[in-house]
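Q: Hey, can we go through this one together? I'd like to start with a pocket and then wander around a bit.

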Amino acid sequence: MEAYAGLDLHGDNVYCGISDENDKRLFEKRFPCDIETISKDLEPYRTCLKGVAVESTFNWYWLVDGLKERSFPVRLASPSGMEQYNGLKHGNDKSDSFFLAKMMRLGILPEGYIYPKEERAVRDLLRRRMRLVQIRSGRILSLEALWNRETGKELSSNAAKTLTEKDLEEALNDKHVRMSAKQMTEHVAFLDGQIKELEKLVLKQANLKAEFTGLLTVPGIGKILAMTIVMETGDIKRFPSPGDYASYCRTVNSELSSNGKKKGKGNTKNGNRYQAWAYVEAANFMVRHCPEAKAYFQRKMSRTLRVVAIKSLAAKIAKACYFIMRDGVAFDVKKMFG
């Protein structure tokens with residue numbers, strides 16, 4: 001007998017459904033979020049279990065790691081690729097769990113990458129850094145807007161980061177406005193400190209990744225961007241081609257067509273949003289530091305919008321980085337731009 005288990009994971013419970021090769025339901029139960037309890041009830045089916053599908057929700061780490069440590073054939077199911085028949089009148093946790101098991105039995109389960117546990121914390125720390133950078137940028141933009149609104153003068157980002165209390169007192173007469181500006185500058189300084197602290201810790205792991213050095217040869221990619229790209233990529237061999245990798249990085253167009261006519265867009269959010277951010281950042285920096293990239297960008301800009309031109313350059317960088325990480329080679333500007 002062959003058995004297939006589907007685990008519908010929630011924040012405070014897990015619904016388990018197990019069926020055989022004929023879709024006969026063998027077991028169903030709702031568990032608390034406790035790996036010992038779940039593995040104990042799965043144990044009688046261990047010898048015939050062909051797979052245990054866990055839905056990739058926000059809290060899958062503990063469940064997938066626990067099942068792998070106990071040698072269960074766990075597979076991470078990607079929710080974005082699954083949709084039950086939308087004509088169903090009733091759907092619940094039970095039907096969802098058995099649906100996971102059925103898709104796995106049919107060999108059509110859309111799977112996500114189970115990132116190695118030992119490297120996941122560093123990757124997540126880089127994601128935390130990205131979020132802090134975005135928050136800091138928001139605070140700086142708010143400060144620039146306040147300054148322009150109150151003084152009629154523009155304030156550059158670099159100047160905003162170095163404002164002192166004396167500067168605020170001289171430029172802003174109203175004490176309430178000064179308080180608002182003072183808090184913004186304090187937020188920016190605090191976030192700067194947190195970001196530097198994270199970078200210091202993360203970069204200690206940089207030289208442990210062979211791909212890191214190769215990415216540093218790409219104009220516009222510094223240590224933090226290189227580390228972000230490496231950690232978000234994981235095993236580069238899981239991507240069959242540079243096109244697949246660029247798609248994963250959200251740097252390619254999404255389009256649905258029929259009979260040569262555009263019918264709409266596909267899932268534009270399918271892929272890694274952190275990689276999308278990293279390669280767009282790399283493209284913006286490369287335009288500043290690489291003449292060939294600047295010329296390519298300007299040609300694109302003459303025919304389309306700036307955001308599309310940057311995305312096009314980001315796609316080229318992603319494909320170049322694919323070969324750099326896969327083959328262990330340095331960046332070659334002639335191969336990229338001809």
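**Chat notes**

A: Sure! Keep in mind that this is a predicted model. In the second largest pocket, the lining residues divide into 7 nonpolar, 6 polar and 6 charged.

Q: Okay, and which residues lie nearest the centre of that second largest pocket?

A: Those are V133, R136, W277, E281 and F285, out of 19 residues that line the second largest pocket.

Q: Which elements give two or more residues to the lining?

A: Helix 4 (117-151), helix 5 (157-161), helix 9 (223-233) and helix 11 (273-289). Helix 4 gives the most, with 7 residues in the lining of the second largest pocket.

Q: How much space lies in there?

A: About 570 Å³ for the second largest pocket.

Q: How do you even find empty space like that?

A: You roll a probe the size of a water molecule over the atoms, and that shows where empty space is left.

Q: Cool. New topic: strands. Do strand 4 and strand 5 pair in the parallel or antiparallel sense?

A: Parallel: strand 4 (residues 49-55) and strand 5 (residues 74-77) pair over 4 bridges.

Q: And what stands opposite V52?

A: V74, which belongs to strand 5.

Q: What do those two strands make with helix 2?

A: A right-handed β-α-β unit, made of strand 4, then helix 2 (residues 61-69), then strand 5.

Q: Where is S71, then?

A: In the loop between helix 2 and strand 5. S71 has a phi near 65°, which is positive even though the residue isn't a glycine.

Q: What sign does phi usually have?

A: Most residues other than glycine have a negative phi.

Q: Is S71 buried or exposed?

A: S71 is exposed, with a relative accessible area of 58%.

Q: What about D23, what's its phi?

A: D23 isn't a glycine either, and it has a positive phi of about 70°. You'll find D23 in the loop between strand 2 (13-20) and strand 3 (25-32). D23 is partly exposed, with a relative accessible area of 29%.

Q: Last topic: how many residues are in the largest nonpolar core?

A: The largest nonpolar core has 48 residues, and among those with the most contacts inside it are L215, Y279 and I317. Helices that each supply at least two residues of this core include helix 4, helix 9 and helix 11.

Q: Which helix gives the most to this core?

A: Helix 13, with 11 residues of this core.

Terms used: Residues are numbered from 1 along each chain as its sequence is written. This is a predicted model: local features need pLDDT of at least 70, side-chain atom pairs count only at pLDDT 80 or more; totals for chains, interfaces and linings use all residues. Side-chain values use heavy atoms; hydrogens and water are left out. On a 1 Å grid over the protein atoms alone, a cavity is a set of points where a 1.4 Å probe fits but cannot get out, and a pocket is an open set with protein on both sides within 12 Å along at least five of seven lines; lining residues have an atom within 4 Å of a point. Grid points are joined across faces, edges and corners, and a volume is the space filled by probe spheres set on the points. Ala, Val, Leu, Ile, Met, Phe, Trp, Tyr, Cys and Pro count as nonpolar, Asp, Glu, Lys and Arg as charged, and the others, Gly among them, as polar. Two strands pair if DSSP finds at least two bridges between them. A crossover is right-handed if, with the strands pointing away from the viewer, the path from the first strand over the helix to the second runs clockwise. A nonpolar core is a set of buried Ala, Val, Leu, Ile, Met, Phe, Trp, Tyr and Cys residues joined through side-chain atoms within 4.5 Å. Buried means under 20% relative accessible area, exposed over 50%, partly exposed in between (1.4 Å probe, protein chains only).
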